[in-house]
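This briefing introduces a structure to a reader who has not met it before. Please look at the sequence and the model first, then read the notes below.

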Amino acid sequence: MRTRRLLVVSSAVLAGLGLAAACSRVSAPGTTTTSGPPTDAAAFVKQANATLLAQANALSRAQWVAANFITEDTEQISAAATADYVASSMRLAKEAARYPGNGNGNADVARQLLLLKLAASPLPAPSDTALQTELTRIVAGMEAGYGRGKYCPPGKPCQTIDDLSRLMATSRDPKALLEAWEGWHAIAPPLKQPYERFAQLGNQGAKELGFADLGAFWRAGYDMPPDDFAKEVDRLWIQVKPLYDQLHAHVRRRLGATYGTDVVRPDAPIPAHLLGNMWAQQWGNIYDLVGPPGRAPGYDVGDLLKAKKTDALGMVRYGEGFFTSLGFAPLPETFWKRSLFVRPQDRDVVCHASAWNVDNVDDLRIKMCIEINAEDFVTVHHELGHNFYQRAYNTQPFLYRTGANDGFHEAIGDAVALSITPQYLVKVGLLPSVPQTQDDVEFLLRMALDKVAFLPFGLLVDQWRWKVFSGEITPAEYNTAWWQLREQYQGVAAPGPRPADAFDAGAKYHVPANTPYTRYFLAHILQFQMHRAMCKAAGHIGPLHTCSIYGNKEVGARLQTMLALGASKPWPEALEALTGERQMDATAILDYFAPLRAWLEAEAAAGR
């Protein structure tokens, strides 16, 4: 991701004041009804859509300003707009319960009544207005606190997360890596107490809507009972865990050879600061340490872009060009005027990449501090996937103007980005010719270090939060439980003993920003499943990883059909529209990386 990257949201998105997911479902104070709800369910749903759309648009503008101009004033403006939206969504959710769940025999009305109950996701607030205000101020304050975060070593300039991430990606000095890692994680302890109160108030709001806790409320948005969804996530993880275990074992052996087996023990978790990423969620930056010995590293997309003197705007033009090659209309002119593409020098901003549709029609934007490198090249495609999805469903009723589920919204751009193959790079003039390799292991290992390595992290963030919300993890256990889960799922450990006040989960944007994270795990499953289906529709012959759908308008039309559904149908129907399948299936990942799996087996057998 990289919202992941995000690789916001993922993301995309209007992150975390709770009201917009990768699809910008947020915005505005002021539009409320003064009379009681209509007696007819269809009329009530129509009125609710109009109310939420008007408020969503205003809230989006408030959140955009707050994210791009971090001050106490913009924080309060955003919190006030959020409070209005929360109050309306909670009121409408409770009013929806007055109508028959079957929508008086109208399936479309019944679905919208259900979605109304979930409209406050991911932040259902208590009905008490004072508590609503408190909750929205807490969430706005946590995101702003994260956005202002810097590491200021004595006698040296302060460093932003961008600065520290570059160091984590490029340095091979374990002392410098440890200092950067500890420096960034030191921003999080002040967020712990607000987070504890946030969890209490979020739980209270979820319980008022009939859910056991906030985690159960989040899991209810997948067209199946919350407990069944938790089992579905486990099923998908079991499908891909053997591949992850192979990759982890390979990386641990190679890092042990680099740093010494006293630092990276062959029988212990990998220290988190050595994996090239602040959160150890993607490992592509250490390819030089773990790649096939004796083989040329192939190409680096970042170097190709720099050779062409590509700037941030040019990066986005490449992404737009991929979608237009599939038959999608170009982005509106306002996109280029209103988006944020580079970090401003004169103010603090939330640089986490996100995609916005401010008016829920065609005021599309991205907010991203673009660096000219391979990671951000993929992130641009990811964020634009949100934008093209947002525009595709913009004629649906407001309650349907979102993804089939939140994993879909995160998957679209990444499914397209899987077509950034050497063949594609040749077509767009970035690569002179397709490199000749014996088995594409170099390419596949680079991909696996990002895509496969991410899977357990994408799973565990919400595993931690679900347990926090249920009370299984108490505030005193926040940090120890966080690292227990990271060792259990990732095989990654803290670099050393953590301070008593550490709140390391809070050093990951999506936690203080209240953005659910399982969507990114699902997206990593779905993107490969979608890619396999689109390649089949394109008539591709050969290994799955060599397929690019660039320029295939027939596949583009099929994709557009699915995107236009928004949330109007249960996600299995949307998935079927594109893939012909109604169940999420992680075997496409195994198909994609089949040559790499064989190579990893051989390397393990040889002890390399």
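Accessible areas come from the Shrake-Rupley method with a 1.4 Å probe. On that basis, the chain exposes about 21,600 Å², and carbon and sulfur atoms supply 53% of this area. The model described here is predicted.

**Overall form**
- The chain contains 23 helices and four strands.
- Its C-alpha atoms fill a box of roughly 75 × 55 × 45 Å along the principal axes.
- The radius of gyration is 23 Å, which agrees with the value near 25 Å that a compact globule of 608 residues would have.

**Burial and charge**
- Of the 608 residues in the chain, 61% are buried, where buried means under 20% relative accessible area.
- The chain carries 59 positive and 62 negative charges, and the mean positions of these two groups lie 2 Å apart.

**Nonpolar cores**
- The largest nonpolar core has 174 residues, and Phe198, Trp464 and Phe593 touch the most other members.
- Helix α17, spanning residues 441–470, contributes 19 residues to this core, the largest share.
- A second core, separate from the largest one, consists of 19 residues, among them Val45, Leu92, Tyr99 and Leu116.

**Surroundings of Phe198**
- Leaving aside residues up to four places away in sequence, Phe198 touches Leu123, Leu135, Ile138, Val139, Met142, Leu214, Phe469 and Asn514.
- Phe198 is thus listed both with these contacts and among the residues that touch the most other members of the largest core.

Technical notes:
Residues are numbered from 1 along each chain as its sequence is written. This is a predicted model: local features need pLDDT of at least 70, side-chain atom pairs count only at pLDDT 80 or more; totals for chains, interfaces and linings use all residues. Side-chain values use heavy atoms; hydrogens and water are left out. Helices (H or I, at least four residues) and strands (E, at least two) are DSSP runs, numbered from the N terminus. The radius of gyration is taken over C-alpha atoms; the globule rule is 2.2 Å times the number of residues to the power 0.38. Buried means under 20% relative accessible area, exposed over 50%, partly exposed in between (1.4 Å probe, protein chains only). Lys and Arg count as positive and Asp and Glu as negative; His and the chain ends are not counted. The place of a charge is taken as NZ of Lys, CZ of Arg, CG of Asp or CD of Glu. A nonpolar core is a set of buried Ala, Val, Leu, Ile, Met, Phe, Trp, Tyr and Cys residues joined through side-chain atoms within 4.5 Å. Contact means heavy atoms within 4.5 Å.
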